[in-house]
Amino acid sequence: MPTGSSLDHLSFFLGLISARTPFAVIRPNDGEYNIINRIPFETIEMAYDRPIRIDYTKMSTMPQMLLDGIRKAATLKSSYVGIPCPCCWGEKKTLWCITKYCINRTNLTYGNLFCNRQWLTFVPFLAESRIPFYYAGPGVSDCDELNIQGRFLIRQDLIEVWDEERARVLADIDRWVSGIPAADVAIFCVSAGPAAKILIPFLFEKYPGHIFLDVGSALDPFLKKHTTKPLSRDYMHDESPYASQVCDFGGMPMQEGITCVLNVYKRPHTLLPQLAAIKAQTLPASSIIIWQNESSHCEIPDSVTSDPAVSVIR
């Protein structure tokens, strides 16, 4: 479990990468907050060579799929959710993320994990160590600095056409990842904006033996050289205060989430519907305890006992 500042967290995850220990990280920040709450805003993504304003209120599937994806990431074993800390966003919004996404202490990390001051450590780590990885994103530039083993092209404007393209994208990226040898712990760097928060939990649930990183704009200087503004982010410039910013959750009060306790004695056929109903709540339980009350005729399915969010007590 990572502890300390954002730089400490990055060091923890770089250790997992070096050891080829499977895990996944997604980083929902202000864009995802606006989408889930259907607040239109102008993106700061400049790789279009133009700022774009997207009215997320017109999206039919992205807001709920995004929320479901983040919540799934918060329940999967060895999966981490990075959110803005109070110093960047204010305590109220940070606590909103913890509650809305059902995050607990064990899977909490920073929204700027690969950005701000961390960027100056993360990018040299990839470049100097020559760690092989696969890239999924819109960057198409040739790159000798990084050891990229393969690419999956994601269109730059995917969030604008998500409703029409989501099924094809999910099927295609699933097919791509399935082609990687299962015996290898492969590293996937995903740069897909809000869609990464859907794609990564979807993939990590199916392929928990790999590493999936929501790198956002961190690799743009290498892979978007074809654009007029590959260094479009403030944190990439030494004179920016973001370039030296290290965040810390510090003594922020943490909400531990909701724990639900179920008693199982008779009527075992109701267990799965009950669990489904609990997980479908507006604020679903982050952990579920099942008390099996000396019932010899009640078998709890393997799909329940293997669920990282469920603990069975006999």
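## Strand β1

Strand β1 is covered on both of its faces. Phe23 and Val25 lie on one side, Ala24 and Ile26 on the other, and all four residues are buried. The structure described here is a predicted model.

Strand β1 spans residues 23-26 and pairs with β9, residues 211-214, in the parallel sense, through 3 bridges. Within this pairing, phenylalanine 23 has isoleucine 211 of β9 as its bridge partner, and alanine 24 stands opposite phenylalanine 212. Strand β1 also runs parallel to β4, to which 3 bridges join it. Here isoleucine 26 of β1 faces a residue of β4, valine 81, which stands opposite.

## The sheet

Strands β1, β4 and β9 belong to an open sheet of 7 strands with parallel pairing. The order across the sheet is β5-β4-β1-β9-β8-β6-β7. At the edges are β5 (108-110) and β7 (148-153), each of which pairs on one side only. From one strand to the next, the twist averages 25°.

Helix α3, residues 62-75, packs on this sheet and touches both β1 and β4 (79-83). The direction of helix α3 makes about 125° with that of β4.

## Nonpolar cores

The largest nonpolar core contains 52 residues. Val81, Ile83, Tyr101, Trp176, Phe188 and Phe212 are the residues with the most contacts inside this core. Two of these names also appear in the strand pairings above: Val81 stands opposite Ile26, and Phe212 stands opposite Ala24.

What does phenylalanine 188 contact, leaving aside its neighbours within four places in sequence? The residues in contact with phenylalanine 188 are Tyr134, Trp176, Val177, Ile180, His210, Ile211, Phe212 and Leu213. Among them, Ile211 is the bridge partner of Phe23.

A second core, separate from the one just described, has 33 residues. Phe13, Leu126, Tyr135 and Cys143 are included in this second core.

## The chain as a whole

The chain has 314 residues, and 53% of them count as buried. Its secondary structure consists of 11 helices and 12 strands.

Among contacts with a separation of 6 or more, 71% are between residues 24 or more positions apart. The chain exposes about 14500 Å², of which carbon and sulfur atoms supply 52%.

Terms used: Residues numbered from 1 in each chain as written. Predicted model: local features only at pLDDT ≥ 70, side-chain atom pairs only at ≥ 80, totals over all residues. Heavy atoms only, no water. Core = buried A, V, L, I, M, F, W, Y, C linked by side-chain atoms within 4.5 Å. Buried < 20%, exposed > 50% of the residue type's maximum accessible area, 1.4 Å probe, protein only. Contact = heavy atoms within 4.5 Å. Helix = DSSP H or I, 4+ residues; strand = E, 2+ residues; numbered from the N terminus. Areas by Shrake-Rupley, 256 points an atom, 1.4 Å probe, with all protein chains shown as cover. Pairing = 2+ DSSP bridges. Axes fitted to C-alpha atoms, helices over the stretch in contact; angles between N-to-C directions.
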